Amino acid sequence: MAGETSGTLDVGGRRIRVTNLEKVLYPDAGTTKAEVIAYYQAIAPRMLPHVAGRPATRKRWPDGVGTDAEPGEAFFNKGLDERSTPPWVATAVLHHDEGEKDYPLIDDTETLLWLAQLAALEIHVPQWRVDDGGAAQNPDRLVLDLDPGGGATMAQCVELAHLVREVLEGAGMRCLPVTSGSKGIHLYAPLDGSLTSADASDLARQLAKSLEGIRPDLVVSDMKKSLREGKVLLDWSQNNGSKTTIAPYSLRGRSRPTVAAPRRWEELTSGLEQLEFTEVVQRAAEQEDPLTELFPAADRLFTYRSMRDADNTPEPVPAGRPAGNAGNAFVIQRHQARRLHYDFRLEHDGVLVSWALPKGPPTDPGKNHLAVQTEDHPLEYASFEGDIPKGEYGGGHVDIWDAGTFELEKWRDGKEVIATLTGKPDGGLGGEPSKFALIHTGMGGEAKNWLIHLMDR
């Protein structure tokens, strides 16, 4: 495209018309639209895993970013214009107060380049993805934005980043850094999908408040500018389900073509600087993505492992991710912990999806029981019986009340499960097929609260 003003890109079997290639979008660096499109084409293999399936908000600078003295005009694009959107662009419908809007899903290189042609320099995405039906899923990552206030430095952001890492890793959570391409640092932590956006936002808020209490000289959790002078805002709010964050590998609309660049922890020193797009392309050619842990298939046992010490509990604690195989085993375990309860577990996607039943499985169709969803358990747990040591998570005696197989009638993630269980002849269900419905209610404002209903026996 060098030296040309327009042309056509053939990508993935699609033809994308590109225009005004000689236009300078970053005057201070002399970076042209052609170079922006070339960057996104080069970085697409790295960027796509972080944006695929996430409704994208775009920030556009059709006439360039301008300079610090005279910034260019920019505007956010949320919904799509049907008349100008290619029919091959995947979309998701999001609901707003003013109505429904179609958002692009950047699932392929051609969509990314089409947006680059529109001078969408910045790509912002939520911490959650949509499923194949377009429904929003629970977040698969936690993000913390370390934003220096007036008079604060990048060195302070680095100090706080290491402090956050220490706290999160002490709680069994991995923490991965990204220089934001603007002033600060973003920290990402993989989630296994068991937390809602509200749960994740609350977790991040509590962390920010806690660190503010420990280091009031360094950390502030309130966005009021009057409180931020000389400190670093630990912004937890971007975990809200309606908020977005600049995507890893996205360009920024700053005076220089900087990038939200994934980094290695050993790079986070007092001399840390933001990276420009040419440096990011070179790094991608020389090293693996530092954020690799964020986009492999979700590790549904992440939370389970983080809550247990394999050296101190007889429970199975597999090191690897679940294989995701299909099966139909169930187990109901009687668990004498601080209070007696029953653990109701159904095999699904390579794990045992689990609920705690304080009053046990219902025996009367006219009386529903509370079911509190807990972390997914490994398949090996279906045969576990024994004593979890006092002081360990779930400490107490566990035995199998019943176990067997089930026939699935309905499984709507996070909403409803209907299955007919057939256990052992001498099991707690009496050897007769028993049909249960689990229905998510969120009673009392608790997202983990369900009801379990005996439909038929």
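What percentage of the 457 residues in the protein do buried residues make up? Buried residues account for 49% of them. Keep in mind that this is a predicted model.

**Figure 1. The whole protein, before we zoom in.** Let's start with the full chain, which has seven helices and 27 strands. Its radius of gyration is 25 Å, close to the 23 Å that the globule rule gives for 457 residues, so the protein is as compact as a globular protein of that length. If you boxed up its C-alpha atoms along the principal axes, you'd need roughly 80 × 50 × 45 Å. The protein exposes about 20900 Å², and carbon and sulfur atoms supply 48% of that. Now take the contacts between residues at least 6 apart in sequence: 59% of these join residues at least 24 apart.

**Figure 2. Inside the largest nonpolar core.** Here's a general idea to carry into this view: in soluble globular proteins, nonpolar side chains tend to be buried together. The largest nonpolar core in this model has 41 residues, and Y39, Y40, M47 and I123 touch the most other members. Several elements each supply at least two residues of this core, including β1 (6-11), β2 (14-19), α2 (109-117), β9 (120-125) and α6 (277-286). Helix α1 gives the most, with ten residues. Zoom in on M47 and, leaving out residues up to four places away in sequence, you'll find that M47 touches Y40, L112, I123, A247, P248, Y249 and S250. Apart from this core lies another one, of 31 residues, and among them are Y304, Y381, F406 and A419.

**Figure 3. Helix α3 and its neighbours.** Helix α3 runs over residues 154-170, which makes 17 residues. From its first C-alpha to its last, α3 reaches 24 Å, close to the 24 Å expected at 1.5 Å a residue. Which residues of α3 are buried? They are M154, Q156, C157, V158, L160, A161, L163, V164 and L168. These buried residues pack against β10 (141-148), β12 (185-190), α4 (197-214), β13 (219-220) and β14 (232-235). Follow the chain past the end of α3 and you come to G172, whose phi is positive, near 85°.

**Figure 4. L272, tucked into a loop.** L272 is found in the loop between β17 and β18. Is L272 buried or exposed? With 7% relative accessibility, L272 counts as buried, because the cut-off for that label is under 20%. Not counting residues up to four places away in sequence, L272 touches M154, V158, T179, I185, R263 and E267. Two of those names should ring a bell from Figure 3: M154 and V158 are among the buried residues of α3. For a sense of scale, L272 and L346 are 74 residues apart along the chain, and their C-alpha atoms are separated by 48 Å.

**Figure 5. A salt bridge between distant parts of the chain.** The structure holds 25 salt bridges. In this one, the side chains of R283 and E267 meet at 2.8 Å, N to O. The two partners sit 16 residues apart, with R283 in helix α6 and E267 in the loop between β17 (261-262) and β18 (275-276). Both ends are tucked away: R283 counts as buried at 15% relative accessibility, and E267 counts as buried at 14%. This pair has company too, as R263, R264, E266, E267 and R283 are linked in a network of salt bridges.

**Figure 6. A salt bridge within helix α4.** The side chains of R205 and D202 meet in a salt bridge, at 2.8 Å from N to O. Why are R205 and D202 separated by about one helical turn? It's because they are three residues apart in helix α4. As a general rule, an α-helix has 3.6 residues a turn, so residues three or four places apart point the same way. R205 counts as partly exposed, at 31% relative accessibility, and D202 counts as partly exposed at 31% as well.

**Figure 7. A salt bridge with one buried partner.** E416 and K410 meet through their side chains in a salt bridge, at 3.6 Å from N to O. E416 is buried, with a relative accessible area of 16%. K410 is partly exposed, with a relative accessible area of 34%.

Definitions and conventions
Residues numbered from 1 in each chain as written. Predicted model: local features only at pLDDT ≥ 70, side-chain atom pairs only at ≥ 80, totals over all residues. Heavy atoms only, no water. Helix = DSSP H or I, 4+ residues; strand = E, 2+ residues; numbered from the N terminus. Expected span 1.5 Å × (residues − 1). Buried < 20%, exposed > 50% of the residue type's maximum accessible area, 1.4 Å probe, protein only. Contact = heavy atoms within 4.5 Å. Core = buried A, V, L, I, M, F, W, Y, C linked by side-chain atoms within 4.5 Å. Rg over C-alpha atoms; globule rule 2.2 N^0.38 Å. Areas by Shrake-Rupley, 256 points an atom, 1.4 Å probe, with all protein chains shown as cover. Salt bridge = Lys/Arg side-chain N within 4 Å of Asp/Glu carboxyl O.
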